[in-house]
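Welcome! Here is a short briefing to read alongside the sequence and the 3D view.

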Amino acid sequence: MISSSSDTMIKLQNVNKSYRLDNEIIFYALKNINIRIEAGEFCSIMGPSGSGKSTLMHIIGLLDKPSSGKVFLDNQEISNLEDDEISRLRNEFTGFVFQQFNLIPKLTVLENIILPAFYCRKSLSFEPKEKALELLRRFGLEEKKNSYPNKLSGGQQQRVAIARALIMNPRLILADEPTGNIDSRSGREVMKLIDDLNHKEKITVILVTHDLDIAKHAKRTIKIKDGQII
Amino acid sequence: MINLAIVFKEGLADFSRNKLRTFLTSLGILIGVFAVVILMALGLGLKKYISDQFESLGNNTIFLVPGRILSGGGFSGSASSFTGTFDNKDVDKLKRIDNVVSTAPLTLKSANAQGTIDEEFIDVMFSSEAIQDLMGFEVDVGRFFDKTDLTKRAKVIVSGPKIAEKLFGGNQEAIGKKIRIEDVRFTIIGVIKSKGGGGFGGFDYDNYMFGPYTTGYIFNPEKKFFRIAVKTKGEQYVSQVKEDIKQEFLKRYDEENFSIVEPTELMSAVNSIFNIFNLVLVAIAAVSLVVGGIGIMNIMYVTVSDRTKEVGIRRALGAQKSDIMYQFLTESVLLSFVGGFLGLALAYVAVFFISRYFPAYIDLVTVAISLSVSSFIGITFGVFPARKAANLEPVEAMRYE
């Protein structure tokens, strides 16, 4: 495994996530997690439901903050960043692909894909609409650009979601059970796309799944159970 | 930076999906703006009406009135002011004051008068020929009475157009006709053009008749006048002339027994009363705007909780708290602005019909105020729900179904 720290993209150091359930009982969703993910890696996080893998993904994706421990991105500690700065990183650094697709129903396919660009504060090196159309062409969905998400099949919706995740040229794709809600044929197509992103475009991919076949696409699998890496 | 066009589009899409809810929410603002605009339009109309009445008197005219007139209330002042106090000596004194162009003593006689068509209880104003210029009467047919009529104490009458119509069936028909006032027969020598109005603080001259004050002594054996109108050379002399008159009259009368009234002064007093009156009414109507605002706040809270998941998704895509805030604020402003716009439009239609009977009108200030107030309400009452949306935790929000 590559271990030169300059290539380390993500580092979690003694990360804990706990919830106070009652006044006294404290539930640990993550216990003392240490992970290092290299740039360009294709890695999967595997575990049964309730194991804490989603929480882990949320912390890596900067959607959630650990209760204790440190998170580094490109060797920069992010736990003490302002909310706006963290939003900016989510916008520019990470692309999310969710099990539920999470497209916005009242926006068209094209608008959904462009949406992250609207939230970007810096001037873009590309024209968002052109880029979105190019991605739609690549994913074979060009004629659906003005459709609304509810007119699309699950597989198509997930491909739109992937296009949305790619619009900002992210360095990291976080995919949470990306095939969990679609039929197996579409699932294979989606996984082919994700494979290509890693192989051809050298985008770092972290795949969260409980499915061993899906996890096999990754070169490395981090197994998690009861909030601990095993 | 977040694109305003797409925020608008999303807001409108949300509205059209919940048409009834949107309409009912806007209704509060609609009614509030409608009420405020109507009241402002009525207030403006009333003010314009009054100032038109006063303006017809010109800004270089002064009235001497018996008793003390406090602030405003129009010409009538108190009931006692209709009884005669002044006499010819006063008129002569006024004539000698510098920069006085003309004076017109006034007495009133109310009596039954017999015309060719009808009999009517009428008011006759006896004055000098100067009253024509002072009041700005224009002769429609015939002529106004002159100095000769005054010296000859001629039994001539000039009629207002309305009363001429009532008694004789028209201006032309009235000329040369005899009219009996009590036992005295007068000849109608002229009819003036309509001055319009009447009511608030002014005489309805169209329903008056006018005669020489010397002839009027028949009904006024004491030769007392209840009012003297004085015309100065120009507006700039008014205050000096007022002061001179005061000094002169204090020699003869107590301070409580006469007032010197300037129509423009009266007008501003009347205006300030109406302004306060109008302000109170508008403030009451504005309460309904606040209620409308609370309605918007309520529905925006519902919208925020309906769209919690959407907020989570947007945050995951990199939306900052301020982006979420602006989005919901835009929607609440849109909601109240639309309500305000519809209220204004409705008020416009209503004022169009009202203006046939009453001089109500909507000015640009009213339009600007109503639209900016409704936007302001959208912001004020939208800010709390919007802040709630902005402060949702991304993960919690995305989990929300």
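In this predicted model, residues 23–46 of chain B are 100% helix and 0% strand, and the C-alpha atoms at the two ends lie 33 Å apart. Residues 276–301 of chain B are likewise 100% helix and 0% strand, with 37 Å between the end C-alpha atoms.

**Chain B: record and domains**
- An unreviewed UniProt entry lists both of these spans under "transmembrane region", together with residues 333–354 and 361–384 of chain B.
- The domain assignment splits chain B into domain 1, made of 4–52 + 269–399, and domain 2, covering 86–252.
- The centres of domain 1 and domain 2 of chain B, taken over C-alpha atoms, are separated by 55 Å.

**Nonpolar cores**
- The largest nonpolar core contains 103 residues, and those with the most contacts inside it include Ile113(A), Ile206(A), Val37(B) and Ala41(B).
- Helix 2 of chain B, residues 19–55, gives the most to this core, with 12 residues.
- Beyond its neighbours within four places in sequence, Ala41(B) touches several residues, among them Ala347(B), Val351(B), Tyr361(B) and Thr366(B).
- A second, separate core has 46 residues, including Val124(B), Phe126(B), Val158(B) and Ile179(B).

**A sheet in chain A**
- Four strands of chain A form an open sheet in the order 2-1-4-5, with antiparallel pairing.
- Strand 2 (26–38) and strand 5 (76–77) of chain A each have a single partner strand, so one side of each has no neighbour in the sheet.
- Strand 1 (residues 8–20) and strand 4 (residues 68–73) of chain A pair in the antiparallel sense over five bridges.
- Gln13(A) has Lys70(A) as its bridge partner in strand 4 of chain A.

Technical notes: Residues are numbered from 1 along each chain as its sequence is written. Chains are lettered from A and ligands numbered from 1 in the order in which they are written. This is a predicted model: local features need pLDDT of at least 70, side-chain atom pairs count only at pLDDT 80 or more; totals for chains, interfaces and linings use all residues. Domain bounds come from an automatic or database domain assignment. Two strands pair if DSSP finds at least two bridges between them. UniProt positions are given in the numbering used here, feature names are shortened, and annotations may be inferred rather than shown by experiment. A nonpolar core is a set of buried Ala, Val, Leu, Ile, Met, Phe, Trp, Tyr and Cys residues joined through C-beta atoms within 7 Å. A residue is buried if 20 or more other C-beta atoms lie within 10 Å of its own, exposed if 12 or fewer, and partly exposed in between; C-beta atoms are placed from the backbone. Two residues are in contact if their C-beta atoms, placed from the backbone, lie within 7 Å.
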